[in-house]
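Happy to go through this one with you, question by question. Have the sequence and the structure open as we talk.

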Amino acid sequence: MNIHEYQAKELLKQYGAPVLRGGIAYTAEEAEKVAIDLGGPVWVVKAQIHAGGRGKGGGVKVVKSIEEVKKVASEIIGMNLITHQTGPAGKQVNQVYIEDGCAIANELYVSLLVDRETSRIAIIASSEGGMDIEEVAASTPEKIISVNIDPVSGLSGFHCRKIAFAIGLSGKAAGAAAKVIAALYKTFVEKDAAMLEINPLVVTTNDEVVVLDAKMGFDGNSLFRHKDVIELRDASEEDPMELEAAKHELSYIKLDGSIGCMVNGAGLAMATMDIIKLKGGSPANFLDVGGGATKERVTEAFKIILSDPAVKGILVNIFGGIMRCDVIADGVVAAAKELSLNVPLVVRLEGTNVEKGKEIMNNSGLNIIAASDLGDAAVKIIKAVEEVN
């Protein structure tokens, strides 16, 4: 789960990280009021969406009058902001964050994430922060350092000073940066974050260190421990199909292909998507119905797949263990009849109650294409989609 910049800053502030004063606004009039309360003389108007690259896309503006705050806010609120992270479709801006201006002397970069390879928290930092950090990573990777923190021993002052010195800081600024890094780490661990990115972390002309931007995402498996974080969820920033899937305890991720997939088990789902790509197709989603799915849950899963207009065909791949093949078959048939299935459907069933499942499919009256194995299923669904389209 991701949150907005202003929400991340409020969390970081609770842990002692220095952030500038600011306020959220949903209308130009609210933005004007926030700006008046802040006092100026310089303000920054920031679009609030769950994506980076807002500055390059025109979603961040520095202004020097109350009138300009109102004008810029009216232009940004409601705009479709396109960045390298939103893709060509962009995202609609529903709110802006009005923040105090800042006298920037230097822009740095700091992020924290879980390094799956080492099972440690990685702190990544660079002396070259700002809008072109991706270019820095590509052309001058030596300017980026990574320090892994053992979760048993935790972060020490040595780690913080090492990072501060490595990104070119000294004296007062180095000490301030070390304190910020410690605050970031504490927030990351205690809130079960999956990613925390500060870009830029700035050094001011007074050698103060300030969190100027913040992106934060959380481990969905840990949210039950953090009701305060759940309350920050902005459903308008999430895919409606993924939200609907979550209501039915389905693991669903929308992709950009044309072949819908319904599979039981995350590993089998990944293998199914891989073989579709290998055979020349493109999966439209990842969908794991789980090992203990009911007929009703399977029906909802099928409905979610069919609600995607990009889906031109569906591949159901079930290896029945705890999840019985006849339950899957009942759900697929029920959903297909209710929604008047009009795209090709290929089904591969193996395992518990497989013969009963095949019987249900055969007697359904639906035009279901049976497959003997996973490779056969991928070839058949790709061929069927090509013939229809």
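Q: Which residues of helix H9 are called buried, and what makes them so?
A: In this predicted model, the buried residues of H9 are Ala269, Thr272, Met273, Ile275 and Ile276. The word applies because each has under 20% relative accessible area.

Q: How do you know on which side of H9 they lie?
A: The buried residues cover an arc of only 165 degrees around the axis, so they are on the same side of H9. In general, residues three or four places apart in an α-helix point the same way, because there are 3.6 residues a turn.

Q: What do the buried residues of H9 pack against, and what sits on the face turned away?
A: They pack against strands S15 (259-263), S16 (285-288) and S17 (313-320), and against helix H13 (374-388). The face turned away from the buried side carries exposed Gly267, Asp274, Lys277 and Leu278.

Q: How do you know that the span of H9 agrees with what is expected?
A: H9 has 13 residues (266-278), which should span 18 Å at 1.5 Å a residue. Its end C-alpha atoms are 18 Å apart, so the two agree.

Q: Why is Ser119 called exposed?
A: Exposed means over 50% relative accessible area, and Ser119 has 54%, so Ser119 counts as exposed. Ser119 is in the loop between strands S8 (104-115) and S9 (120-126).

Q: What is notable about the phi of Ser119?
A: Phi of Ser119 is near 60 degrees, a positive value in a residue other than glycine. Most residues other than glycine have a negative phi.

Definitions and conventions
Residues are numbered from 1 along each chain as its sequence is written. This is a predicted model: local features need pLDDT of at least 70, side-chain atom pairs count only at pLDDT 80 or more; totals for chains, interfaces and linings use all residues. Side-chain values use heavy atoms; hydrogens and water are left out. Helices (H or I, at least four residues) and strands (E, at least two) are DSSP runs, numbered from the N terminus. Buried means under 20% relative accessible area, exposed over 50%, partly exposed in between (1.4 Å probe, protein chains only). The expected span of a helix is 1.5 Å times one less than its number of residues. The arc is that of the directions from the helix axis to the C-beta atoms. Contact means heavy atoms within 4.5 Å.
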